[in-house]
Each structure stands twice: as structure tokens, then as C-alpha cells.
Amino acid sequence: MTRWITFWWAIAILLAGLASAQELRVPAKVEAGTAFSVPTSGSGDAMLYIIGPGDALERKVHLGEEIAFEADDLHNAGHYLAILSGSASQSTQFDVVASNQPASLSFFAKPSRLAVNRPNGISGVTYIFDVFGNLVLKPEEISFRLSDATGGVQSHNATSRDGVAWVQLNSAPKAGPAHFEASLSGVQATRIVQEVPGEPCSIRMTAKPSKDQRVLLQTDPVRDCNGNPVPDGTIVSFTERHEGRVSTVDVPLKRSVAETELPAVSGATITVASGVVLGNEIRWGGR
Amino acid sequence: MGWPMRKGSSISLAAIVAIVAGALLVSASTEPTVKVAPMDSVGPREVEDQTRTSIIRDYLAGWKAMDAAFSQNRPDLLDSAFVGKAREKLTGTIQEQQKLGIETSYQAESHDIKVVFYSPDGLSIQLLDNVVYEVNVKKQGQSIGTSHVSTRYVTVLSPTETKWKVRIFQGGTQ
């Protein structure tokens with residue numbers, strides 16, 4: 001008799017347990033910033049925890065009812081655990097993925113300043129993010145466009161991979177600010193790249209007598225090999241040699257021209273240079 | 001020739017060696033296994049030898065920093081390994097954990113890492129990691145759930161003054 005009572009008690013407890021059994025069915029994938037719901041089964045109260053490196057949420061739930069998550073509840077992409085903590089704990093895992101709509105670009109254009117006519121001298125790298133700052137991992141077509149100071153345009157399309165797209169472009173032959181733009185479906189980012197003249201192509205100077213036994217030295221406008229004026233401030237060196245004595249004067253370009261005076265020594269040799277570029281040579285009042 | 005040693009000290013030395021070896025074994029058993037794919041064909045910039053070593057070292061340090069920060073609810077512990085968006089997001093989550101009285105530990109068991117992009121300017125490097133880890137969630141010190149996780153992380157690191165730091169850290173699949 002006692003055995004029968006024990007048996008039926010056990011059956012009753014088992015059935016009660018089954019009636020209140022918790023079940024957690026979370027969608028395997030949820031798009032960031034969208035509403036979703038989690039149906040539950042069983043009866044009684046429990047706590048639901050959504051835990052991941054991207055977010056931590058806690059909800060009191062009535063088992064058997066649906067748990068609704070608003071659009072703003074979970075917006076950081078990542079891998080999450082859902083833990084239902086009650087009379088018997090249960091857990092499951094799911095992913096929050098980036099929104100399908102790209103919203104911003106992190107665009108790195110390097111260098112910010114470079115010489116003209118450099119093949120593949122300019123690089124553009126762009127990372128694509130949704131409105132919540134999640135990296136958009138699905139492939140996207142990015143359009144890169146580099147417009148130079150004379151109106152010349154280079155454009156290139158690249159498909160992103162794992163959220164990144166990149167390009168390498170040439171610097172223009174003419175100096176000036178270039179607008180470098182990355183764009184996709186209404187989202188764009190622009191950077192300015194300063195394209196500056198290269199090294200002087202050649203230097204030519206002239207000499208004429210000045211007052212107080214001095215000679216006036218002046219260069220022609222100094223340009224790079226593409227005809228761009230070399231920036232003011234570039235140093236030009238004038239050197240005078242006579243009977244083993246050497247005098248050098250360093251002069252910055254001003255309005256593309258360098259000018260100085262040296263002692264007018266009959267028979268002296270005067271040279272001009274800038275960086276590795278040597279100009280012409282003058283023998284003053286040669287004997 | 002060696003250091004002069006008495007019998008008693010040799011026993012002590014043996015004991016120390018055993019303890020150290022034991023400690024090393026214990027510490028070795030808690031370290032994740034790490035597999036790194038060859039980086040010879042990563043583009044567009046070539047990954048230099050020194051960068052290969054430091055990128056993996058600093059990325060793995062990021063996981064340890066995250067575990068320490070999340071298990072102690074201390075966002076400051078992220079600073080050594082995370083910057084930018086990654087640090088902001090992780091810090092936000094730790095602040096949520098603090099409000100809820102929750103701590104989580106992330107014990108990495110294995111990493112399978114592939115570097116997929118090294119920018120031409122050398123300012124960002126991207127890697128994919130098929131990682132396996134154990135998550136333990138505690139509420140007021142009591143464990144409320146443990147899970148074994150296998151997922152993929154997309155990570156972007158950028159160089160700082162002394163090391164690479166994680167700038168983007170995103171788990172799951174698209």
C-alpha cells in the first residue's frame with residue numbers, strides 16, 4: 001500500500017514538473033535595432049538574462065507568455081547567451097547581426113600630403129558601419145573618387161570584405177588640394193589630400209655686379225619636372241670657391257626664386273644646388 | 001663544477017622544482033590553444049615578422065583583459081588592450097553588468113586566427129578568429145549559467161605608442 005502511494009506521488013510530481021517546464025526559443029539571428037520576441041512555455045516566474053560582450057539585459061518573465069524586446073533593446077552586434085533562471089535554469093545562444101543599412105564610413109586617406117605624380121601613392125581604406133556602430137560584414141560596393149586641383153578625376157569601385165574596402169590611386173601631375181571621397185548608397189566621407197610639387201627638376205642662376213664689390217645671384221623660378229613651382233621655403237644653396245676657400249649661403253625660396261649676394265672675387269667659381277639637384281656654374285670675372 | 005649543496009638543500013631544491021613544474025603545468029592547462037594561419041598572402045601590405053608576433057600577442061592579451069574587466073566589473077582594465085569603438089561598447093556593457101549585479105568570465109579555450117587585411121598605410125590590421133570559450137555568468141556571486149561557446153570574432157587592431165590595440169571587436173556571424 002505504502003509503495004503504491006509513493007509511486008503515485010512520484011507520478012504527480014513528475015507531471016507537475018512537466019507542466020511548469022521552461023522552454024526558451026530565441027531566434028538564432030536578430031538584426032541589430034529590430035524588435036523581436038521570445039516565446040516561453042511552462043508556468044511561474046523566472047528571470048531572463050541576455051548576456052554578451054556587447055550588452056547585458058535582465059527581464060522578469062512570466063513563463064508561458066511571450067517576452068517582447070523593443071527595437072532599441074539590443075543593438076550591439078555580437079554573440080549572446082540567453083539564460084532563463086528560475087526553478088530550473090536553461091540557456092541558449094544567438095547572434096545579433098549588424099543592420100542591413102550602412103550608415104557611416106570610417107575613411108582613412110593616407111598620406112595627407114604627398115608629392116605629385118606618385119604611382120599608387122595615395123591609399124584609401126574604409127570600414128563600413130551601421131547606425132549603431134556595428135561593422136557591416138556583408139559585401140558592399142564602395143565607390144572611391146579622387147578629384148585633383150585641375151579637375152582630373154580618378155575613380156575606382158571596390159567590394160568590401162568583412163566590412164573593409166580599400167584602394168590605391170596615383171597622385172596628380174599638378175599640385176593642389178585633391179578631394180578624396182568614399183561613398184555607398186547615400187553615405188559618403190571626404191578627405192583632402194594635399195598634392196605638392198616634387199623636387200626641383202633643374203636650377204638656373206644668373207649673376208650681376210652689385211654695390212660694394214659684391215655679386216648679386218638670382219635663380220630663375222624653380223619648378224619640379226611637371227612644371228609646378230617648388231614651394232617657398234625650400235632651401236637653395238649658393239657656394240663660392242676661390243683658392244681653396246669656400247663660402248656657402250643657404251637661402252629659402254621666395255615666390256619660387258632664391259636670391260643672395262656674395263663677395264665679388266675675381267676668378268671665383270659659384271655653384272647653386274637644392275637637395276640633390278645641381279644647377280649651373282658661373283666663373284666670376286674670370287682671368 | 002656547480003653550486004655546493006648539502007643533502008637537505010637538494011631535497012628542498014627538488015621540492016621547489018616540483019612546485020614550479022606543477023605551477024607551470026597548471027598555468028599551461030589554463031592557456032588557450034592558439035593556431036595562426038600563415039600571413040604570407042595577407043594584403044595589401046606585407047606583414048613584417050615583428051608585426052606578426054606582436055599582433056597575435058596583443059590580440060590574445062585583449063581576451064585576457066576582457067575576461068579580467070568583465071569578471072571584476074572594472075572597465076579600466078580594458079584600457080591596456082582596447083581603444084575606440086571596442087572600448088566604448090565593452091565599457092557600456094560592464095556598466096550594465098554593474099547595475100544588474102552581474103559578473104561574467106570569458107575563458108578562452110582555443111583560438112584559430114587568420115589575418116585577412118593589413119592596410120597599405122599600416123594603420124589597421126584585421127583578423128578573424130574562430131574562438132571557443134567558456135562563459136560563466138554570476139549574479140551576486142552565485143553562478144546563474146555557464147555556456148560553452150564556439151563563434152567567430154572579427155577584430156580590427158591599430159597601432160598605438162607601444163602596442164597594437166583592439167579597435168573593433170565583434171562576435172557572431174553576419
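# Group meeting talk: a two-chain predicted model

Hi everyone, let's start with overall form: chain A has a radius of gyration of 38 Å, whereas a compact globule of 287 residues would come in near 19 Å. Please keep in mind throughout that this is a predicted model. Along its principal axes, the C-alpha atoms of chain A fill a box of roughly 140 × 40 × 25 Å.

What is chain A built from? The count is 1 helix and 26 strands. Of its 287 residues, 36% count as buried. If you take the contacts in chain A between residues at least 6 apart in sequence, 57% of them join residues at least 24 apart.

A word on confidence. The average pLDDT of chain A is 88, and 91% of its residues score at least 70. Please be careful with residues 10–20 of chain A, though, where the pLDDT is below 50; that stretch has 5 contacts in the model beyond near neighbours in sequence.

Let me zoom in on one strand of chain A. Strand E5 of chain A covers residues 45–52, and 6 of its 8 residues are buried, so this strand is mostly covered. Which strands pair with E5(A)? One is strand E6 of chain A, residues 55–62, which runs antiparallel to E5(A) and is joined to it by 8 bridges. If you want to find that pairing on screen, look for Asp45(A), whose bridge partner in E6(A) is His62(A). The connection from E5(A) to E6(A) is a hairpin through 2 residues. The other is strand E8 of chain A, residues 78–85, also antiparallel to E5(A), with 5 bridges between them. Here the pair to look for is Tyr49(A) with Ile83(A) in E8(A). As a reminder for anyone looking at the side chains, in a regular strand they alternate between the two faces of the sheet.

Now for chain B. This chain has 3 helices and 5 strands, and from the N terminus on its elements run α-β-α-α-β-β-β-β. Of its 174 residues, 32% count as buried. Among contacts in chain B with a separation of 6 or more, 56% come from residues 24 or more positions apart.

The helix I'd like you to look at in chain B is H2, residues 49–72. How far apart are its end C-alpha atoms? They are 35 Å apart, and this agrees with expectation, because 24 residues at 1.5 Å a residue should span 34 Å. Several residues of H2(B) are buried, among them Ile55(B), Tyr59(B), Trp63(B), Met66(B) and Phe70(B). Asp58(B) is on that buried list as well. What do the buried residues of H2(B) pack against? The answer is H3, E2, E3, E4 and E5 of chain B. Just after the helix, Asn73(B) takes a positive phi of about 55°.

So how do the two chains meet? The contact takes 36 residues from chain A and 35 residues from chain B. On the chain B side, the elements giving two or more residues are helix H3 (84–100) and strands E2 (102–118), E3 (125–139), E4 (142–159) and E5 (164–171). By class, that side of chain B has 17 nonpolar, 14 polar and 4 charged residues. The elements H3, E2, E3, E4 and E5 of chain B may sound familiar, since we met them a moment ago as the packing partners of the buried residues of H2(B).

Last topic: backbone details worth a look. Most residues other than glycine have a negative phi, and most peptide bonds are trans. Chain A has a cis peptide bond from Lys110(A) to Pro111(A), with omega near -10°. Pro111(A) is in the loop between strand E10 (102–110) and strand E11 (113–115) of chain A. In chain B, a cis bond joins Gly43(B) and Pro44(B), with omega about -5°, and Pro44(B) lies in the loop between strand E1 (33–36) and H2.

As for positive phi in chain A, Asp212(A) has a value near 60° and is found in the loop between strand E19 (205–209) and strand E20 (214–219). Is Asp212(A) buried or exposed? Asp212(A) counts as exposed, because it has 7 C-beta neighbours inside 10 Å. Arg255(A) has a phi near 50°, and its place is in the loop between strand E23 (245–252) and strand E24 (259–263) of chain A. Arg255(A) is exposed too, with 9 other C-beta atoms within 10 Å.

Thanks for listening!

Note on methods. Residues numbered from 1 in each chain as written. Chains lettered and ligands numbered in written order. Predicted model: local features only at pLDDT ≥ 70, side-chain atom pairs only at ≥ 80, totals over all residues. Contact = placed C-beta atoms within 7 Å. Helix = DSSP H or I, 4+ residues; strand = E, 2+ residues; numbered from the N terminus. Nonpolar A, V, L, I, M, F, W, Y, C, P; charged D, E, K, R; others polar. Rg over C-alpha atoms; globule rule 2.2 N^0.38 Å. Buried ≥ 20, exposed ≤ 12 C-beta atoms within 10 Å, placed from the backbone. Expected span 1.5 Å × (residues − 1). pLDDT = per-residue confidence, 0-100. Pairing = 2+ DSSP bridges.
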